[in-house]
Amino acid sequence: GKDGKAYKVSYGQGYSPDYENPILIEAHAKAIKAIGQRYGQDPFIAYVQLGSLGHWGEWHVHSQAGTLPLTFIRDMYVEPYFEAFPAAKLMMRRPFAIAAERNMGLFNDSSGDPDSTESWLDWIENGGRYSQTNEKNAMVPMPDAWLNAPVGGELSTNYDETDFLDDKMLDQTLLLFKRSHTSWIGPGSFVWVDRDSEYQKALDQVNRII
């Protein structure tokens with residue numbers, strides 16, 4: 001509909017759509033339905049992280065690169081996933097009300113980063129305001145979500161993978177994974193750390209925690 005916004009910011013350059021555009025909402029639903037027709041009954045698909053909105057599909061946008069919609073519009077981007085993937089566990093970046101209502105899992109794309117992860121854990125514990133839309137109670141407490149659904153994400157890109165494993169950060173890394181109840185990490189993960197390297201002992205500890 002050409003009603004979005006072109007941007008060039010620290011995140012990069014691109015085009016942020018108007019997520020309230022009904023043509024886009026309909027097209028998105030068709031796309032998720034098609035993906036579901038191809039993969040929705042595949043038993044290999046155990047879980048699906050919901051992307052769709054924001055930079056990298058992480059449900060946030062740079063303040064100079066557009067805006068995200070309010071809850072009732074965001075939920076229109078969530079609902080198609082349930083029909084498309086009836087057997088998979090679905091996961092959201094933030095504990096929105098629909099995630100709690102539908103027993104969804106959660107994911108943290110800044111795993112290992114102490115500041116970002118503390119904020120994420122606070123959302124899960126206490127819910128609260130969603131700063132992107134200034135909705136007061138858009139996020140709700142989901143401290144027990146991990147009992148029924150997976151918790152995942154990927155490592156923060158603010159550090160090298162080996163930083164999380166060195167003597168300075170390992171104890172903190174293990175504690176953050178434990179407090180997060182992390183059940184898997186990827187695609188940004190420790191996969192690039194050589195097996196049987198000086199970090200293997202630390203990797204083994206991370207695997208045991210997860």
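## Exercises around helix H5

His181 sits in the loop that links H5 and H6. (Helices, H or I of at least four residues, and strands, E of at least two, are DSSP runs counted from the N terminus.) This is a predicted model, with local features needing pLDDT of at least 70 and side-chain atom pairs pLDDT 80 or more, while totals for chains, interfaces and linings use all residues. Residues are numbered from 1 along each chain as its sequence is written, and side-chain values use heavy atoms, leaving out hydrogens and water.

**Exercise 1.** Work out which residues of H5 are buried and where they lie around the axis.

*Solution.* Start with the list: in H5 (residues 170–180), Leu170, Thr173, Leu174, Leu176, Phe177 and Ser180 are buried (under 20% relative accessible area; exposed is over 50%, partly exposed in between, with a 1.4 Å probe and protein chains only). Next, look down the axis: these residues span an arc of only 165 degrees, so they share the same side of H5. (The arc is taken from the directions running from the helix axis to the C-beta atoms.) The spacing fits the usual rule: an α-helix has 3.6 residues a turn, so residues three or four places apart point the same way. Now flip to the other side of H5, where Asp171 and Lys178 are exposed. Finally, ask what does the covering: it includes strand S5 (105–111), helix H4 (114–126), strand S8 (151–155) and helix H6 (200–209).

**Exercise 2.** Describe how H5 packs against H6, and which residues meet.

*Solution.* First the geometry: the axes of H5 and H6 are 9 Å apart, at an angle of about 15 degrees. (Axes are lines fitted to C-alpha atoms over the stretch in contact, and angles between N-to-C directions run from 0 to 180 degrees.) That angle makes H5 roughly parallel to H6 (under 35 degrees; over 145 is roughly antiparallel, 65 to 115 roughly perpendicular, the rest oblique). Then the partners: Leu170, Leu174, Phe177 and Lys178 of H5 meet Ala202, Gln205, Val206 and Ile209 of H6, with contact meaning heavy atoms within 4.5 Å. Sort them by class and you get 6 nonpolar, 1 polar and 1 charged. (Nonpolar: Ala, Val, Leu, Ile, Met, Phe, Trp, Tyr, Cys and Pro; charged: Asp, Glu, Lys and Arg; polar: the others, Gly among them.)

**Exercise 3.** Do the same for H4 and H5.

*Solution.* Here the axes of H4 and H5 come within 11 Å and cross at roughly 15 degrees. H4 and H5 are therefore roughly parallel as well. On the H4 side, Pro114, Thr117, Glu118, Trp120 and Leu121 do the meeting; H5 brings Gln172, Leu176, Arg179 and Ser180. The class count for H4 with H5 comes to 4 nonpolar, 3 polar and 2 charged residues.

**Exercise 4.** Find the backbone oddities at His181, Pro187 and Trp59.

*Solution.* Keep the background in mind: most residues other than glycine have a negative phi, and most peptide bonds are trans. Step off the end of H5 and you reach His181, with a positive phi near 60 degrees. His181 counts as partly exposed, at 33% relative accessible area. Carry on through the loop between H5 and H6 to Pro187; the peptide bond from Gly186 to Pro187 is cis, with omega near 5 degrees. Last, go to the loop between strand S3 (47–49) and H2, where Trp59 sits. Trp59 isn't a glycine, yet its phi is positive, about 60 degrees. At 0% relative accessibility, Trp59 is buried.
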